[in-house]
Every structure is written in structure tokens, then in C-alpha cells.
Amino acid sequence: MDFCFAKNLDLQQTEPILVDLIAKRLREIRESHNDTKEYVMHQTGLGISDYERKAKSPTLSSISKFCELYNIALEDFFKGIVYPKEIE
């Protein structure tokens with residue numbers, strides 16, 4: 001039982017840099033459509049404000065729901081996000 005608990009904790013850890021990149025991408029897409037956080041929240045049920053403030057990390061399912069709202073593919077959402085940074 002303890003092993004399963006520890007394993008689940010590892011899955012829930014996040015990388016601050018990646019969370020920041022995703023938060024910026026969410027905001028960039030939302031603002032490019034001139035939508036408010038409230039609009040996104042009402043249309044999707046997502047806590048977009050928490051994601052953009054980096055208070056919470058969105059799940060892949062949440063990102064997918066966000067992409068559905070804007071009719072974009074997950075591939076396009078992640079386009080331009082380079083993580084980890086390439087060594088120059």
C-alpha cells in the first residue's frame with residue numbers, strides 16, 4: 001500500500017517551467033480570441049484563472065477541453081513549447 005502511495009505522488013509532481021509555458025500558452029490563445037477568463041470558465045467548466053496564475057496545473061484532459069473550445073488540435077496547442085530547453 002505504501003508503494004502505491006509513493007508512486008502516485010511521483011505522478012503528481014510538476015515542473016515549474018513547464019507549468020509556466022502552458023499557462024502562457026493558455027493566456028495567449030484566450031487573449032487572441034478576445035475572450036475573458038469568465039467566458040472560458042462558463043463555456044468549459046475549467047478553472048482557467050487558476051491555470052493562468054499557475055495556482056494549479058491543467059490536466060491533459062483540461063487542455064484538450066480548452067482546445068475544443070477554440071477548435072485547435074493538441075499538436076497546435078503545444079507547437080512552439082520547447083521543453084526541456086535545448087542546449088545551445
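How many aromatic pairs does a search of the whole structure find? In this predicted model, the search of the whole structure yields three aromatic pairs. Ring pairs join F66, Y70, F77 and F78 into a cluster.

Within this cluster, F66 and F77 adopt an edge-to-face arrangement, with 6.3 Å centre to centre and 80° between the planes. This pair connects distant parts of the chain, since F66 belongs to helix 5 and F77 to helix 6 (residues 74-78), eleven residues apart. Both F66 and F77 are buried. F77 also pairs with F78, again edge-to-face, at 5.0 Å centre to centre and with 80° between the planes. The two partners of this pair fall into separate accessibility classes: F77 has a relative accessible area of 0% and is therefore buried, whereas F78, at 30% relative accessibility, counts as partly exposed. A charged residue accompanies the ring of F77. Specifically, R25 lies over the face of F77, at 5.9 Å from the ring centre.

The aromatic cluster overlaps with the nonpolar interior. In soluble globular proteins, nonpolar side chains tend to be buried together. The largest nonpolar core of the model comprises twelve residues, namely I22, L26, I29, V40, L46, I48, Y51, I63, F66, C67, Y70 and F77. At least two residues of this core are supplied by each of helix 2 (16-32), helix 4 (48-52) and helix 5 (60-70). Helix 5 provides the largest share, with four residues. Three members of the ring cluster, F66, Y70 and F77, are thus listed both in the core and among the residues linked by ring pairs.

The surroundings of one core residue, V40, were examined further. When residues up to four places away in sequence are not counted, V40 touches R30, G45, I48, F66, L69 and Y70. Among these contacts, I48, F66 and Y70 are themselves listed as residues of the core.

A contrasting environment is found for S32. This residue is located in helix 2, a helix that also supplies at least two residues of the core. Exposed is defined as over 50% relative accessible area, and S32 is therefore classed as exposed because its relative accessibility is 52%. The side chain of S32 makes a polar contact with the side chain of H33, at 3.3 Å.

Note on methods:
Residues are numbered from 1 along each chain as its sequence is written. This is a predicted model: local features need pLDDT of at least 70, side-chain atom pairs count only at pLDDT 80 or more; totals for chains, interfaces and linings use all residues. Side-chain values use heavy atoms; hydrogens and water are left out. A nonpolar core is a set of buried Ala, Val, Leu, Ile, Met, Phe, Trp, Tyr and Cys residues joined through side-chain atoms within 4.5 Å. Buried means under 20% relative accessible area, exposed over 50%, partly exposed in between (1.4 Å probe, protein chains only). Contact means heavy atoms within 4.5 Å. A polar contact is a pair of N or O atoms within 3.5 Å; within protein, one must be able to donate a hydrogen and the other to accept it, and residues adjacent in sequence count only if both atoms are side-chain atoms. Rings of Phe, Tyr and Trp (its six-membered ring) pair if their centres lie within 6.5 Å; planes under 30 degrees apart count as stacked, over 60 as edge-to-face and the rest as tilted. A charge sits over a ring if NZ of Lys or CZ of Arg is within 6 Å of the ring centre and within 35 degrees of the ring normal.
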